[in-house]
Amino acid sequence: MRATAAVVGSGPNGLGAAVVLARAGLEVVVHEAAPTPGGAARSAPLLGPGTVVDLGAAVHPFGAASPLLRALDLGRHGLEWLHPPVVAAHPLDDGPAGLLHRSLARTAEELGPDGRAWTALHRGVAERWEDVAETALGPLLRRPRHPAALASFGLRAPWPAAATARALFRTERARGLFAGSAAHAVLPPGHVLTSAFGTLFGAAAHTTGWPVARGGSQAVADALVAELAAHGGRVVTDSPVTDLRQVRPADVVLLDLAPRQVLALGGLDLPPRYRRALARWRHGPGAHKVDLLLDGPVPWRDPRVGRAGTVHLGGTLAEIGAAAAQVRAGRLPERPFVLVAQQGVADPSRAPAGRHVLWAYAHVPHGCADPAAGERVLGQLERFAPGVRDRVLARVDTPPARLEEWNPNLVGGDVGGGALDGLQQVFRPAVQADPYATGVPGVWLCSSSTPPGGGVHAMAGAHAAARALRELARR
Ligand SMILES: Cc1cc2nc3c(=O)[nH]c(=O)nc-3n(C[C@H](O)[C@H](O)[C@H](O)COP(=O)(O)OP(=O)(O)OC[C@H]3O[C@@H](n4cnc5c(N)ncnc54)[C@H](O)[C@@H]3O)c2cc1C
């Protein structure tokens, strides 16, 4: 008889786990509470007919670099990565924006006096990119298969991004560009190890890129669902699991859930030590999302920003640091750090002709319910693109509470499955050798609250599924 597996939650990690298990010959059923699969990688016509809005993830540096997604060759199921002409832009109040290109040489050249330092910081990591991606997208605690990949980060990896930026770069342009990349970790640039994040995102730009998925991020989820189906698995939607006994006849169970949801599950007798660790789990800041339909392209003051897939609205390094400090102190900054995606630059299918969909979210305090948050996002846009407000045809705000309502894993609007600081950087979600083990035989955690953390890479799912298969083989 075939062994059976149940996966709870169909985010990228749940689907990644399901695919790995199904390809190994297990009979797999994924239970998803929502009416559509994909978790925080779903898209919908939120801004009216003909629009495609990414409801969660928009840009896919992790997707393009993911060893699992690459190995699955999801192009067979319609997934196509589309690269914008410029990877990312970091506009400033004065002078030209910093631009991140696929080409390291071009990026360096445009950074003028900081070009050499930019190259020195990123080249080693970019040259060993495949090994770096495999190492970074796995549990940090295992013995590294590619020690040279880790070494390529150099001695500065543990440094705060702010310290690296100040030590290496002279211009605000290069400092801001680096701090903007590091800010994807949703940590202040003064925090240890944020240099590693900045370098990782920069090197990703210079190698596999930061693409969008043709037709919306939903295409990533749909391709995984198709691959699952090709191996006999299926997703049951509108199927919330509140008690493990609903799925327990399965030989293995993988939970694509945040610690809070795991604790709320009935019929799951967790060891007290693990239960305490989950109860102590800390979530990071929230996201306040704003989606806009515009009647024309964004009137960026530096028109080159209009060719970038991703735009960081944070200003100088000092300003990014100050905003992050306020968020950590529970205050909504006057000028929050805003991540913008202009998917239409690479993928014209996102809006009807002549219209533009703009995706943005600000880093705000955990659970922030301040009604001013949306206007602050607009304020940051208007600051670097004067007149953008006049272009707005439709606007939808999604504050942290609404994000969590939509997907209960997004606790307090945390997009990363838990803060990435302190011990949680390495030990996710508990201090133990196997991050995916729940202590209950046959039950594994596979969400972004396990390594490698947030992002649409499906690698937490892949690693947890590999553990489950090994245990099954032993049994
Ligand atoms: C606004 C936003 C922007 C983001 N931007 C990016 C980006 O640009 N690039 C990037 O790489 N990442 C981005 N992310 C992060 C990325 O989307 C997540 O890290 C990733 O989706 C996590 O995958 P997951 O499988 O762990 O969980 P999720 O994607 O959160 O999926 C969990 C699933 O479990 C389901 N579920 C929960 N409880 C139950 C239950 N009891 N029973 C059944 N089902 C249940 C949920 O409905 C959900 O479908 C963003 C996230 C958000 C919210």
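**Loops, burial and cavities in a predicted model**

User: Between which two helices is the loop in which Val 186 is found?

Analyst: This is a predicted model, in which local features need pLDDT of at least 70, side-chain atom pairs count only at pLDDT 80 or more, and totals for chains, interfaces and linings use all residues. Residues are numbered from 1 along each chain as its sequence is written, and side-chain values use heavy atoms, without hydrogens or water. Helices (DSSP runs of H or I, at least four residues) and strands (runs of E, at least two) are numbered from the N terminus. On that numbering, the loop with Val 186 runs between helix 9 (172–182) and helix 10.

User: What is the relative accessible area of Val 186?

Analyst: Val 186 is not a glycine, yet its phi is positive, about 55°. Buried means under 20% relative accessible area, exposed over 50%, and partly exposed in between (1.4 Å probe, protein chains only). Val 186 counts as partly exposed because its relative accessible area is 22%.

User: Is Asp 238 buried or exposed?

Analyst: Asp 238 sits in the loop between strand 9 (234–236) and strand 10 (252–255). Its phi is near 50°, a positive value in a residue other than glycine. With a relative accessibility of 52%, Asp 238 is exposed.

User: Which helix gives the most to the lining of the largest cavity?

Analyst: A cavity is a set of points on a 1 Å grid over the protein atoms alone where a 1.4 Å probe fits but cannot get out; lining residues have an atom within 4 Å of a point. The largest cavity has a volume (the space filled by probe spheres set on the points) of about 150 Å³. It is lined by 13 residues, and those closest to its centre are Val 186, Leu 187, Pro 188, Ala 324 and His 363. With 5 lining residues, the top contributor is helix 14 (residues 317–328).

User: Which elements give two or more residues to the lining of the second largest cavity?

Analyst: The search of the whole structure finds 2 cavities of 30 Å³ or more, and the second largest has a volume of about 90 Å³. Its lining includes Pro 61, Phe 62, Trp 129, Ala 133, Leu 200 and Phe 201. The elements that give two or more residues are helix 2 (61–65), helix 6 (129–136) and helix 10 (194–205).

User: Within what arc do the buried residues of helix 6 fall?

Analyst: Trp 129, Val 132, Ala 133 and Thr 135 are the buried residues of helix 6. They line one face of the helix, because, seen down its axis (by directions from the axis to the C-beta atoms), they fall within an arc of 165°.

User: Which residues does Thr 398 contact, leaving aside its neighbours within four places in sequence?

Analyst: Thr 398 belongs to strand 15 (residues 392–398). Its relative accessible area is 13%, so Thr 398 is buried. Contact means heavy atoms within 4.5 Å. Without those neighbours, the partners of Thr 398 are Ala 287, His 288, Lys 289 and Leu 403.

User: What is the relative accessible area of Gln 342?

Analyst: Gln 342 is located in the loop between strand 13 (338–341) and strand 14 (356–364). Not counting residues up to four places away in sequence, Gln 342 touches several residues, among them Val 298, Trp 300 and Leu 358. Gln 342 is buried, so its value is under the cut-off: 7%.

User: What is omega for the cis peptide bond that joins Pro 451 and Pro 452?

Analyst: Pro 452 lies in the loop between strand 16 and helix 17 (459–474). A cis peptide bond also joins Arg 428 and Pro 429, with omega about -5°. For Pro 451 and Pro 452, omega is about 10°.

Terms used
1 Å grid on protein atoms, 1.4 Å probe; cavity = no way out; pocket = protein on both sides within 12 Å on 5 of 7 lines; lining within 4 Å.
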